[in-house]
Amino acid sequence: MSENINHDLKVDHTRDERARQHFVSGMRSYVLNDLAGNLRTLYGNKVEPAFERSQGRKPADGPEVHKAMKGETLFKYYSSLRCNTQEMVWRSVLPAVERESDDLAARATKLHQSNSGARGTLTMDGSVQVPRYLEALDVHLMPGSYHEQHRDADVSQGAVYDNGLSVFAMGLLGPNMDDITQSVSTFFAARYPNFKPKKILDMGCTIGHSTLAWKDRYPDAEVHGIDVAAPCVRYGHARAQSYGVEAHFHQKDAEFTSFPDESFDVIYSCMFLHEVPGKNIRNILKEAKRMLKPGGVMLHYELPPNKLMSAYDGFYLDWDAFYNKEPFYKGFRDMDPADECATAGFKNDQFFNFVVPSMSFYGKDAVLKEVSQAKAEGDSNVGRFADGVRWFTFGAWKN
Ligand SMILES: C[S@@+](CC[C@H](N)C(=O)[O-])C[C@H]1O[C@@H](n2cnc3c(N)ncnc32)[C@H](O)[C@@H]1O
C-alpha cells in the first residue's frame, strides 16, 4: 500500500504487511463509501421520519441527528468498524517503521547534511514545547501522535504518518498524497493569475506534503514549513531533500513563530486548525495576520463549517470528534470562519471561501471550471473523505 512512497525514507514492508495494508484500505473504502451510503438511507427512510412524527419538525442540527442515530444498529456497526480500521491503519505500518527506526534516523541525517541536491534548510529548536492539546492524546488514534521521540534524530513518527496516510487515504489523495493542496493551489493560482508570491509559509506542515505542493505551483517562491513535532519536521526536510525540492523546515509553534512582521505573501495551512482548540486557533490567526505582508493572503484548507452543511452532514462529519480522538473537531466546525478572520484583524470584505473538486478524482479541468464561483456552497461531498470529495477552503487578504 505504501507503493506511492518513492523517496529515500521508504521502508520495506513484508508481503504479509502489504497484504494487511491492502485489506485495511479496502475495508475503509467499504465503510466510508458503502456503509456510509447505507447510513444515509437509513436516516432518510427511518430515523428522520420517526423524529418528525414525534417532534413535529426535522432535526435542527448535528447533535440532534447524532442522538437520534445513536441507538441504531447500523450506526453502531459503522462506528465500530470505522474505529477498528482506523487502529488497523497504524498497526499495519508500525512493524516496518520500528524495524527500520535506527536506519531511518541515519538516512535522514545524511539527507539533512547532503549538499548534492536541493538547498533546503532544517532549523530545529529544542525549546519549542509540544502543546498540551497535542501531547495529551494519540491524535486520530495514531500511537505516539506526531511528536514522540525515542532516539537522537528520530524521524519515526514522520514515517508512521507517511506510511499510515498511504493506507488511510485509499488512493483519494493522489500519487503523492498531496491532492488537497494541489487542488487548492491550482484553483487559487488560476483565480489570481497576477498574484506572484515570493515567500510562502505552510503552518502545521507535518512532513511537508502540502509544503512541496506550493513549490510546484510557484517554483520561484521561497517555501517554508513549520511544525511543533520534531520527528515530522526532520522527516519533512529529509523527504524534500530526497526529492531535490528546496524547502525550509522549522520546528516552531504557529502561535509564536518569531518570524518578523510582514514577512510572507501567503500563509497557508492544510488539515491543521481542526486539531487545535479554539483559543489557540485565534492566536494562530492573529500571528498569521502579523506575519503577512500587506497585499498578502492567508488561506486554510479545512473541514466545512457546520453552518454551511445540512444537519445530517454536520452529524456525519463531526463523527471524528466523538470516536476518533479528535476532540476539537466539532468546536472548530461550529466556528464561523468569517467571524474568526475578523477577530484576527482582517477586514470583513477581504474574507473569501471556496470549494474545490479533488483534482485527482475529477481532473484539472473540473478545478479550473469552478474558478469563477462566488462563494462556497455546502453539499454532502464537501469534506467527506470518500469518492467524489470536494475540498473547502477559507481565507482573507491583508490590505
Ligand atoms: C493533520 S496534521 C497537518 C497535515 C499537513 N498539513 C498536511 O498537509 O499533510 C496537523 C499538524 O499540526 C501540528 N501542530 C499542531 N499544533 C501546532 C502548533 N501550535 N504549531 C505548529 N504545528 C502544530 C501537528 O504536530 C501536526 O503535524
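Two residues are in contact if their C-beta atoms, placed from the backbone, lie within 7 Å. Helices (H or I, at least four residues) and strands (E, at least two) are DSSP runs, numbered from the N terminus. The model is predicted: local features need pLDDT of at least 70, side-chain atom pairs count only at pLDDT 80 or more, and totals for chains, interfaces and linings use all residues. Residue numbers start from 1 along each chain as its sequence is written.

**View 1. The shell around the ligand.** The ligand is surrounded by 21 residues, those with a C-beta atom, placed from the backbone, within 6 Å of it. G204, T206, S210, A254 and C270 are the closest. Two elements, α8 (209-217) and β3 (222-227), each give two or more residues to this shell.

**View 2. Helix α10 and its buried side.** Helix α10 covers residues 278-291. Its 14 residues should span 20 Å at 1.5 Å a residue (times one less than the number of residues), and the end C-alpha atoms are 20 Å apart, which agrees. Buried here are I281, I284, L285, E287, A288 and M291; buried means that 20 or more other C-beta atoms, placed from the backbone, lie within 10 Å of a residue's own. They lie on the same side of α10, because their arc around the axis is only 160° (taken from the directions from the helix axis to the C-beta atoms).

**View 3. What covers α10.** The cover over the buried residues of α10 includes strands β2 (199-203), β5 (264-270) and β6 (292-302). Helices α13 (329-334) and α14 (337-343) also belong to this cover.

**View 4. Strands β7 and β8.** Strand β7 (residues 351-357) is mostly covered, with 5 of its 7 residues buried. β7 pairs with β8 (residues 390-397) in the antiparallel sense over 7 bridges; pairing takes at least two bridges found by DSSP. V355 has F392 of β8 as its bridge partner.

Conventions
A residue is buried if 20 or more other C-beta atoms lie within 10 Å of its own, exposed if 12 or fewer, and partly exposed in between; C-beta atoms are placed from the backbone.
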